[in-house]
Amino acid sequence: MSKFYITTPIYYVNDVPHIGHVYTTTIADIVARHHRLRGDEVFFLTGTDEHAAKVVESAAEHGMTTVQWADQNARAFQETFAKLGITNDDFIRTSQPRHKEKVQQYVGELLQSGDLYPGEYEGWYDAGQEEYVSEGKAKESEYKSPISGRPLVRKKEKNYFFRLSKYGDALLKLLEERPKFVQPDARRNEVIGRIREGLNDVPISRTGAGDWGIKVPGDSEHVIYVWIDALFNYLSTVDTSERRGLWPANVHLIAKDILWFHAVIWPAMLLALKRELPGQVYAHSFWISEGQKMSKSMGNFVDLAKIDRYVRTFGLDAFRYFLASNGPLGTTDSDFAEAKFIEVYNTDLANDLGNLLFRTLTMIEKFCGGSIQVAADVDGGLAEHAESLSRVVDEAMSELQLSRALDAIWDFVQRSNKYIEDSKPWAVAKVDAAKVGGILYSLAEADRVVSVLISPFMPATAERIQRQLGVFDGAPELRTSARWGLLRPGTKVTKGQPLFPRYDVSSGPKVR
Ligand code: MSP
């Protein structure tokens, strides 16, 4: 058994969750569930990033204290994730004492070692993003925020700095020696290119934050810059006597927007702290919505209300399946479009998966008195295929290629459906009862294997399949092992309702 520690970004509490947050967290959940299924000791962390100046501002705009506002939004994230079946093992809020104490300790260590030092900084500041933009970038974007388009401001302040410049060579060596440290490859190349341009020391504190934030030890005016505070969450949460063995994290799952902080600043800080480095930083791409970039001004966010409509119309598992099969893991953005969703739902879920189970169970009722018969040597190659399939799925999952894992599972589903056509159980039933029992054994076992492999993606569907196959209350390995041949003759099945009723665009409820 090995340990597996996976994280998501911790989300800003100046706003409520949307599809982007839900996506990264759902993908991390699927990966965490996959590892649990393999018997790994999993720790899955998500949470909220609370000390940004914009949290103070948006609280005031809403007539609330900062704490009330942060509490309310942190709760919205927690409730949303619980509703969407997310199985995080902890939820870190950076305003919690357990985090703040540790951050002060880390910053203290870095001041001691000289990796943090007091100085003065002047540069172009993007107030919306709370970050300085390099001279080159500022010029390129005509001194406007590349994110919000608002003018950058010239800012000069006394500051504490992190000696990032000292770590350029070590980071390049790391990226060289561990090619999987930053993934996908295109992101790794981007990071290498930027490091080669040279690294400047970075300011890591700010003033004027009042009580909101974590104080630089020994300085009553400066609080630690929110990004530095936030990155430490990955370590602070497990830096306790019971959890210490979980460090280093195996995977930090993020999107491309926050790659620099995770692929450069974070490992450099860990090097400075002489802590072990995480296994991998994986930066996925972005969702857009109905062909358009999502933005406040467009008002086209796939927000919680919309997510809720999809979940109510198609079911949570269909929603999770769509995110995993069509989402932006890798380097291209994905379109969250209703027509696409419906097509995927009807083709993959209603037709392929739903029909396989429904036809198998209908025939077992009709030709075998509703119970699993003895296996026979008539499986159309399904047994062999199932065996290699588990390996392919494991491999794809370990590379975070979730859609490749699903494609492989769906090849097997389609092959099983084809086996029904080819073996014609309805004809065999008239002449050879043992043979039809054997054919249907293979099909039921194919359904069971599929249920195990899809369980991280669609846990409720996996359970329904297993209940209908009569294996849910049986030996645990029937639910967790994709090894062929575990299904026992004599097991009673129940036909039940189709898993995913076909969605008819003209008469179904509107989702948009
Ligand atoms: N608080 C920082 C992260 C600190 S981590 C130490 C932050 N928060 S955020 O609320 O803005 O969340 C950013 C993350 O949300 C992205 O990295 C990604 O995981 C997710 N997404 C936000 N918008 C997204 C899309 N449009 N598409 C996919 N995921 C996106 O940055």
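This note goes through two helices, a pocket and some backbone features of a predicted model.

1. Basis. The model is predicted, and local features are reported at pLDDT of at least 70, side-chain atom pairs only at pLDDT 80 or more, whereas totals for chains, interfaces and linings use all residues. Residues are numbered from 1 along each chain as its sequence is written, and side-chain values use heavy atoms, with hydrogens and water left out.

2. Helix 1. Helices here are DSSP runs of H or I with at least four residues, and strands are runs of E with at least two, numbered from the N terminus. The 19 residues of helix 1 (residues 19–37) should span 27 Å, and the end C-alpha atoms are 26 Å apart, which agrees; the expected span is 1.5 Å times one less than the number of residues. Of these 19 residues 16 are buried, so helix 1 is largely enclosed by the rest of the structure, where buried means under 20% relative accessible area, exposed over 50% and partly exposed in between, for a 1.4 Å probe and protein chains only. Gly39, just after helix 1, has a positive phi of about 90 degrees.

3. Helix 7. The buried residues of helix 7 are Arg187, Arg188, Val191, Ile192 and Ile195. They cover an arc of only 140 degrees around the axis, which puts them on the same side of helix 7; the arc is that of the directions from the helix axis to the C-beta atoms. These buried residues pack against helix 6 (168–177), strand 7 (182–183), helix 10 (259–272) and strand 12 (280–284), contact being heavy atoms within 4.5 Å.

4. Cis peptide bonds. One cis bond joins Gln183 and Pro184, with omega about -10 degrees, and Pro184 lies in the loop between strand 7 and helix 7. Another joins Trp247 and Pro248, with omega about 5 degrees, and Pro248 is in the loop between helix 9 (233–236) and strand 11 (251–255).

5. Positive phi outside glycine. Glu142 has a phi near 55 degrees and is exposed, with a relative accessible area of 59%. Leu400, by contrast, has a phi near 60 degrees and counts as buried at 3% relative accessibility; its place is in the loop between helix 14 (382–398) and helix 15.

6. Second largest pocket. A pocket is an open set of points on a 1 Å grid over the protein atoms alone, where a 1.4 Å probe fits, with protein on both sides within 12 Å along at least five of seven lines, and lining residues have an atom within 4 Å of a point. The second largest pocket is lined by 19 residues, of which Gln183, Tyr282, Glu399, Leu400 and Gln401 lie nearest its centre.
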